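Please open the model in your viewer and keep the selection panel at hand. The tour moves from the whole chain to single elements and residues.

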Amino acid sequence: MSCILNIETSTDVCSVAVSNDADCIFSKEDHSGPNHAVKLGQFVEEALSFTDNHAIPLDAVAVSGGPGSYTGLRIGVSMAKGVCYGRGITLLGIPTLKVLCVPVLLHELAAEENALLVPMLDARRMEVYAAVYDRALNTVRQLQADIVDADTYKEYLDRGPVYFFGNGAKKCMEVINHPNARLIEGIEPLASNMFPLAEQRMARGEKDDVAYFVPTYLKDFVAKKPRKLL
């Protein structure tokens, strides 16, 4: 097991957490808006002071790797790299959409073995950025930009229950009229939900290059992918 500093800044929420031996031992969150430039440094300083004062050596920094806000991700990744360089420790990039899935897997899916998960980040009008995962977080469909209508996820809904969540999900339920569609409200990407994924990467010996790691910015994803017109 490891001690990991987790940083999540992909949306308007700014959050930092420290996990040690798979337990969350420190957590700070700010939900008041995009205040990352103000709050993140303070939260990270408090987290590092906590580990140092308790003589807990830090092994890695996990950072939400997108997709998400350009400004938020840039601030979060820059901070993560700074800590990694300063302390000579490992960097772990964690996909934001998988971070969204963690509380759903832990609290919502106990009885539905064949359920699929569709985490969504909001875009303009009826567009979202989404992927489709199974319960083991294997990718059923890669991240892409979806203009949502009644048939967008029909092939998955016809198989069984599909859970939609994230800040783009609620508006989609206005048009997804299928008995297998499930909406979970209030799911946000938080640092306190990152550590199961970060611990998994550490156990596998996986890490990212501190110098060359770049998150997935939504603006880059859109620029590289042809977009369907309304």
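**Whole chain**

Begin with a surface view of this predicted model: the accessible surface of the protein comes to about 10,900 Å², and 49% of that area belongs to carbon and sulfur atoms. If you switch to a C-alpha trace and align the view with the principal axes, the C-alpha atoms fill a box of roughly 55 × 40 × 30 Å. Of the 230 residues in the protein, 51% count as buried, and among the contacts with a separation of 6 or more, 64% are made by residues 24 or more positions apart.

In a cartoon view, the secondary structure comes to seven helices and 10 strands. The radius of gyration of the protein is 18 Å, close to the 17 Å that the globule rule gives for 230 residues, so the protein is as compact as a globular protein of that length.

**Confidence**

Next, colour by pLDDT, which averages 92 over the protein, with 93% of the residues scoring at least 70. Then select residues 223-230, where pLDDT stays under 50 and for which the model has 10 contacts beyond four places in sequence. Where pLDDT is low, the predicted coordinates should not be read in detail.

**The open sheet**

Now select strands 6 to 10, and ask in what order the five strands form the open sheet. The order is 8-7-6-9-10, and the pairing is mixed. Strand 8 (139-147) and strand 10 (181-184) stand at the edges, each with a single partner strand, so one side of each is left without a neighbour in the sheet. Looking across the sheet, you will find that the twist averages 20° from one strand to the next.

Stay at the strand 10 edge and add strand 9 (residues 162-165), which pairs with strand 10 in the parallel sense over four bridges. Within this pair, F164 stands opposite L183 in strand 10.

**Helix 3 and the loop before it**

Select helix 3 (residues 96-107), which lies across strand 6 (116-122), strand 7 (127-133), strand 8, strand 9 and strand 10, and which runs at about 130° to strand 6.

Finally, select P95, which is found in the loop between strand 5 (90-94) and helix 3. Is P95 buried, partly exposed or exposed? Its relative accessibility is 36%, so P95 counts as partly exposed. To end the tour, draw a C-alpha to C-alpha distance from P95 to V128: these residues are 33 apart in sequence and 16 Å apart in space.

How values were computed: Residues are numbered from 1 along each chain as its sequence is written. This is a predicted model: local features need pLDDT of at least 70, side-chain atom pairs count only at pLDDT 80 or more; totals for chains, interfaces and linings use all residues. Side-chain values use heavy atoms; hydrogens and water are left out. Two strands pair if DSSP finds at least two bridges between them. Helices (H or I, at least four residues) and strands (E, at least two) are DSSP runs, numbered from the N terminus. Axes are lines fitted to C-alpha atoms, for helices over the stretch in contact, and angles run from 0 to 180 degrees between N-to-C directions. Contact means heavy atoms within 4.5 Å. The radius of gyration is taken over C-alpha atoms; the globule rule is 2.2 Å times the number of residues to the power 0.38. Buried means under 20% relative accessible area, exposed over 50%, partly exposed in between (1.4 Å probe, protein chains only). Accessible areas come from the Shrake-Rupley method with a 1.4 Å probe; for residues, only the protein chains shown count as cover. pLDDT is the predictor's confidence in each residue, from 0 to 100.
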